[in-house]
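Here are a few notes from going through the model, mostly on cysteines and helix packing. Have the structure open as you read.

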Amino acid sequence: MLDTAGRTIFDDSHEAFRDTVRRVVASLDVDRHEREGIVEREAWLQAGSAGMLCPGVPEEYGGPGLPFTFNAIVGEEISYAGAAAGFTLQSDIVADYLIAYGSEEQKRRWLPGMVSGEVVSAIAMTEPGAGSDLQGMKTIARRDGNGWLLSGSKTYITNGQSADLVIVCARTTEEGGARGISLLLVEAGDEGFSRGRNLDKIGLHGNDTSELFFDEVALPADRLLGQENAGFMMLMNQLPQERLSIAVQAQAAAQRAFDLAVEFTRERRAFGRTVFEFQNTRFTLADMKARLQVGWAHLDWAIARHVAGKLTPAEASAAKLWHSEEQFALADIALQLHGGAGYMNEYPIARLWRDARVTRIYGGTSEIMKELIARAI
């Protein structure tokens, strides 16, 4: 169980919520998700019924209107459990685009279902030839009367197989660079919208990730999210929370890797004593514990700043960079302490190690994070 003692950003209401989240997460059939590559609708509905989805949605749209600290609890508990449900993408990313930029009609149409789990959502930025460089996207939406005709493709889209609603980033002018990008809402039943295969990933096997295709998808005027041609700035405004969300999950997963290493080395014997009793093991674990202590202090600082509206894009990028790099480093050390057992998929550390690799890539690669931090110096 994730130890939260001494963390000052949470109060009794947070801990009561965490208990609920833990019970739901414990009931998830993670092994089934890993085998089937998707989270069943019943799990989404269960999460919604427990209040785990979209805590930040205001009450008038069916949510509880809670601060990001409650989102963080969900992210921590899911990640610590080694689950790969796409709940945090819906809660921490997609919902906030609708809250910040959606029309009253759009909010009332989609947010209540996202809170209840009846609606699964995704956001489609990445393309086969444009990853962290959002300015290089080729998907285009051409004017058609008052609406648009959307054409192009996206890839590596989390919740892509499941999504009822997709926020699609597309060009709405021929102009290159950051100008002329808009955000459009695509619904599952729209003619010309199709999904490719559920992509075969190194890790996060329980989370469906897809290619999406748009073949002259006709979208009416009310499918525009926010202002036309203002999409790039909208993305930049929302990316800090996405990157903080990744940092939250990375820190919790790193903690789980450490806890598994401690448990394993105390039980496994070699040369007449437990592996834990060897000085190299104790020193390695001591170093990991110190790094985790620093990590939790920094993460809570970042969450508190974000709740106060003070976390800058550069600070969010730094949090994502540091915590994702630490996650992979500590997961790798923890696997090494398992010896040959760590390479076996029956041990949880193997899944944690596989899943850790992507956090240095999605949400912006570590290299892009360094570039963004450097620009702010």
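1. A disulfide, for the purposes of this note, is a pair of cysteine sulfur atoms within 2.5 Å. With that cut-off, searching the whole structure, which is a predicted model, turns up zero disulfides.

2. Why is cysteine 54 not bonded to another cysteine? The closest cysteine sulfur belongs to cysteine 169 and sits 18 Å away, so the pair is too far apart for a bond. Looked at from the other end, cysteine 169 is in no disulfide either, its nearest cysteine sulfur being that of cysteine 54.

3. Buried or exposed, then, for these two? Cysteine 54 is buried, at a relative accessible area of 0%. Cysteine 169 is buried as well, with a value of 0%.

4. On to helix α10, residues 348–356, which is mostly covered: seven of its nine residues are buried. Those are Ile349, Ala350, Arg351, Leu352, Arg354, Asp355 and Ala356. Note that the list includes Arg351, Arg354 and Asp355. What do the buried residues pack against? Their partners are α2 (30–36), α4 (68–80), α7 (231–267) and α9 (313–337).

5. α9 also packs against helix α11 (residues 366–375), at an angle of about 145° and with the axes 9 Å apart. The crossing is left-handed. On the α9 side the contact is made by Ala314, Ser317, Ala318, Lys320, Leu321, Ser324 and Glu325; α11 brings Ser366, Met369, Lys370, Leu372 and Ile373. By type, the residues of this contact divide into six nonpolar, three polar and three charged.

How values were computed: Residues are numbered from 1 along each chain as its sequence is written. This is a predicted model: local features need pLDDT of at least 70, side-chain atom pairs count only at pLDDT 80 or more; totals for chains, interfaces and linings use all residues. Side-chain values use heavy atoms; hydrogens and water are left out. Buried means under 20% relative accessible area, exposed over 50%, partly exposed in between (1.4 Å probe, protein chains only). Helices (H or I, at least four residues) and strands (E, at least two) are DSSP runs, numbered from the N terminus. Contact means heavy atoms within 4.5 Å. Axes are lines fitted to C-alpha atoms, for helices over the stretch in contact, and angles run from 0 to 180 degrees between N-to-C directions. A crossing is left-handed if the near helix is turned anticlockwise from the far one by less than a right angle, and right-handed if clockwise. Ala, Val, Leu, Ile, Met, Phe, Trp, Tyr, Cys and Pro count as nonpolar, Asp, Glu, Lys and Arg as charged, and the others, Gly among them, as polar.
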